[in-house]
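Student: Hi! I've got a protein open on my screen and I'd like to get to know it. Can you walk me through it?

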Amino acid sequence: MNIEGMCAHSIVTADRSRTLQECAALMGENHVGTVLVTEETPGGPQAVGIVTDRDLVVEAMARGVAPGQASIGQITARRLVTVPSTASIDEAIQVMKSEGVRRLLVAAPDRRLVGIISMDDLLDALAGEMGGIAQAIRSGFTREAAAIRSSCVLCGERSIRLPTP
C-alpha cells in the first residue's frame with residue numbers, strides 16, 4: 001500500500017498570525033495534532049510550516065509563552081518535509097529518520113498537497129500487517145493440527161491421520 005492510501009486527507013490550516021490559543025482550539029475542534037501553517041501571498045495561501053500539539057507544549061507552554069498573545073508563526077517549524085503520495089511505508093520511515101520528523105506532508109505528482117502522514121499512521125499500518133501475518137500463522141497451525149491429529153473412532157486414542165487427497 002502506498003502512503004496516499006493511509007494518510008489523513010483532511011488538513012486543518014491556520015494563518016501564521018493566529019494565536020497559539022486559537023491553534024490549540026482548532027486542534028481540539030478537529031481532533032488533530034497537526035495544523036498546516038499558511039501565509040497569504042498574491043497567489044493565495046502558501047504553506048510555510050506546521051505546528052504540532054507537541055510544539056505547543058514544548059516550544060511555547062513549557063517556556064512560559066503567553067498562548068493568547070504569541071502567534072503560531074513564532075514557533076512554527078518553517079521546514080516542510082514532503083514525501084510523494086506513491087511512497088511506500090519504508091520510504092516514508094526513511095525520510096522521517098533522515099529528517100528527524102514525526103509527520104510528513106504527502107504530495108501528489110503535480111506537487112499538490114494531498115495529506116499528512118504521521119508516525120502513528122505508519123505504526124497502525126505496520127501493526128495491521130503484523131496482525132495479518134500472525135492470523136495466517138495461527139490458522140495454518142490450526143489447519144495442520146486438524147488434518148494430522150484426530151481421535152480413533154473405535155478406541156478413542158489420538159492417532160495420526162493422513163490428509164484426504
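Tutor: Happy to! Let's start with a term: helices and strands here are DSSP runs, with at least four residues for a helix and at least two for a strand, numbered from the N terminus. Keep in mind that this is a predicted model.

Student: Okay, so how many helices and strands are there in the protein?

Tutor: The protein has 5 helices and 8 strands. Starting at the N terminus, their order is β-α-β-β-α-α-β-α-β-β-α-β-β.

Student: And how much of the protein is buried?

Tutor: Of its 165 residues, 32% are buried. Here, buried means under 20% relative accessible area.

Student: What about contacts between residues at least 6 apart in sequence, how many of those join residues at least 24 apart?

Tutor: That share is 50%.

Student: Let's look at a helix. Which residues are buried in α1?

Tutor: Helix α1 covers residues 20-30, and its buried residues are L20, C23, L26 and M27. Those residues span an arc of only 120° around the axis, so they sit on the same side of α1.

Student: What's on the face turned away from that buried side?

Tutor: There you find the exposed residues Q21 and E29.

Student: And what covers the buried residues of α1?

Tutor: The cover includes strands β1 (13-15), β2 (34-41) and β3, along with helices α2 and α3 (72-75).

Student: What happens just after α1?

Tutor: Look at H31 there: this residue has a positive phi of about 55°.

Student: Which residues are buried in α4?

Tutor: Helix α4 runs over residues 89-99, and I89, A92 and M96 are the buried ones. Looking down the axis of α4, you would see the buried residues within an arc of 65°, so they line one face of the helix. K97 and S98 are exposed on the other side of α4.

Student: What follows α4?

Tutor: G100 does, and its phi is positive too, near 65°.

Student: New topic! How many salt bridges are there?

Tutor: The count is 5. One of them joins the side chains of E39 and R16, at 3.5 Å from N to O. This pair links distant parts of the chain, since E39 is in strand β2 while R16 is in the loop between β1 and α1, 23 residues apart.

Student: Are E39 and R16 buried or exposed?

Tutor: They fall in between. E39 is partly exposed, with a relative accessible area of 28%, and R16 is partly exposed as well, at 26%.

Student: Which residue does R18 meet in a salt bridge?

Tutor: R18 pairs with E22, at 3.4 Å from N to O. R18 has a relative accessible area of 30%, which makes it partly exposed, and E22 is partly exposed at 34%.

Student: And what does R63 pair up with in a salt bridge?

Tutor: The side chain of R63 meets that of E59, at 2.8 Å from N to O. R63 counts as exposed, with 59% relative accessibility. E59 is partly exposed, at 30%.

Student: Now for pockets. What volume does the largest pocket have?

Tutor: Its volume is about 490 Å³. It is lined by 21 residues, and the closest to its centre are I50, T52, V101, R102 and R103.

Student: Which elements each supply at least two residues of that lining?

Tutor: β3 (44-52), α2 (53-60), β5 (103-107), β6 (113-118) and α5 (119-148) do. The biggest share of the lining comes from α2, with 5 residues.

Student: And what kinds of residues line the largest pocket, by class?

Tutor: The lining has 10 nonpolar, 3 polar and 8 charged residues.

Student: Last one: where is S118, and is S118 buried or exposed?

Tutor: You'll find S118 in strand β6. S118 has 13% relative accessibility, so it counts as buried.

Student: What does S118 touch?

Tutor: Leaving out residues up to four places away in sequence, S118 touches M96, R102 and R103. You've met those names already: M96 is one of the buried residues of α4, and R102 and R103 are among the residues closest to the centre of the largest pocket.

Student: Nice, that ties it together. Thanks!

Technical notes:
Residues numbered from 1 in each chain as written. Predicted model: local features only at pLDDT ≥ 70, side-chain atom pairs only at ≥ 80, totals over all residues. Heavy atoms only, no water. 1 Å grid on protein atoms, 1.4 Å probe; cavity = no way out; pocket = protein on both sides within 12 Å on 5 of 7 lines; lining within 4 Å. Points joined across faces, edges and corners; volume = space filled by probe spheres on them. Nonpolar A, V, L, I, M, F, W, Y, C, P; charged D, E, K, R; others polar. Buried < 20%, exposed > 50% of the residue type's maximum accessible area, 1.4 Å probe, protein only. Arc of directions from axis to C-beta. Contact = heavy atoms within 4.5 Å. Salt bridge = Lys/Arg side-chain N within 4 Å of Asp/Glu carboxyl O.
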